[in-house]
Amino acid sequence: IITRGLDQSLAYARDLRIRWVIVIGSPRTQAAELLVIDLQEGEERVHPLTTALERPERIFPDRFGERRA
């Protein structure tokens, strides 16, 4: 997916029925931020990289059986 453009990568992820896509280095984010795209819900959110590493359940609540805070 890395060598594809974002639109192509998202289409590929949808074809594979991937739930979340994490984009690092997006023009929509600043340094040390991630763009998380929920392909099932059609939502996009920006999160600090530290949150993804230290508290991933805050970003991916369904994966960890919790609700988003």
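This passage walks through the fold, the cores, the first helix, the charged pairs and the backbone oddities of the chain shown above.

The model is a predicted one. Its secondary structure amounts to two helices and three strands, laid out along the sequence as α-β-β-β-α. The chain has 69 residues, and 33% of them count as buried. Taking contacts between residues at least 6 apart in sequence, 14% join residues at least 24 apart.

As for what sits inside, nonpolar side chains tend to be buried together in soluble globular proteins. Here the largest nonpolar core has seven residues: Leu10, Ala13, Val21, Val23, Leu35, Ile37 and Leu39. Helix α1 (6-15) and strands β1 and β2 (33-38) are the elements that put two or more residues into this core. Val23 gives a feel for the packing: once its neighbours within four places in sequence are set aside, Val23 is in contact with Leu6, Leu34, Leu35 and Ile37. A separate core of six residues lies apart from that one, and its members include Trp20, Ala52, Ile59 and Phe60.

Two of those names turn up again in the aromatic search, which covered the whole structure and came back with one pair. The ring centres of Trp20 and Phe60 are 4.9 Å apart and the planes stand at 65 degrees, so this counts as an edge-to-face pair, the cut-off for that label being over 60 degrees. Trp20 belongs to strand β1 (residues 20-24) and Phe60 to the segment after α2 (49-54), so the pair links distant parts of the chain, 40 residues apart. Both Trp20 and Phe60 are buried. Another ring, that of Tyr12, has a charge for company: the charged end of Arg4 sits over it, 4.0 Å from the ring centre.

Back to helix α1, where the split between inside and outside is easy to follow. Ser9, Leu10 and Ala13 are its buried residues. Looking down the helix axis, these buried residues of α1 fall within an arc of 100 degrees, so they line one face. The general rule behind such a pattern is that an α-helix has 3.6 residues a turn, so residues three or four places apart point the same way. Strands β1 and β2 are part of what covers the buried residues of α1. On the other side of the helix, Asp7, Gln8 and Asp15 are exposed.

Turning to charged pairs, the whole-structure search finds four salt bridges. One of them joins the side chains of Arg19 and Asp38, with N to O at 2.9 Å. Because Arg19 lies in the loop between α1 and β1 while Asp38 is in strand β2, this bridge ties together parts that are 19 residues apart in sequence. Arg19 and Asp38 are both buried.

Glu44 and Arg28 make another salt bridge, their closest N and O atoms being 2.4 Å apart. This pair, too, links distant parts of the chain: Glu44 is in strand β3 (residues 43-48) and Arg28 in the loop between β1 and β2, 16 residues apart. Both partners are partly exposed, Glu44 with a relative accessible area of 43% and Arg28 with 46%. The side chains of Arg55 and Glu57 also meet in a salt bridge, at 2.5 Å from N to O. In that pair Arg55 is partly exposed, at 42% relative accessibility, whereas Glu57 is buried, with a relative accessible area of 15%.

Finally, a couple of backbone angles are worth a look. Arg17 is not a glycine, yet it has a positive phi of about 60 degrees. Arg17 comes just after α1, in the loop between α1 and β1. With 77% relative accessibility, Arg17 counts as exposed, since the cut-off for that class is over 50%. Ala32, likewise not a glycine, has a positive phi of about 65 degrees. Ala32 is placed in the loop between β1 and β2 and is exposed, with a relative accessible area of 55%.

Conventions: Residues are numbered from 1 along each chain as its sequence is written. This is a predicted model: local features need pLDDT of at least 70, side-chain atom pairs count only at pLDDT 80 or more; totals for chains, interfaces and linings use all residues. Side-chain values use heavy atoms; hydrogens and water are left out. Rings of Phe, Tyr and Trp (its six-membered ring) pair if their centres lie within 6.5 Å; planes under 30 degrees apart count as stacked, over 60 as edge-to-face and the rest as tilted. Helices (H or I, at least four residues) and strands (E, at least two) are DSSP runs, numbered from the N terminus. Buried means under 20% relative accessible area, exposed over 50%, partly exposed in between (1.4 Å probe, protein chains only). A charge sits over a ring if NZ of Lys or CZ of Arg is within 6 Å of the ring centre and within 35 degrees of the ring normal. A nonpolar core is a set of buried Ala, Val, Leu, Ile, Met, Phe, Trp, Tyr and Cys residues joined through side-chain atoms within 4.5 Å. Contact means heavy atoms within 4.5 Å. The arc is that of the directions from the helix axis to the C-beta atoms.
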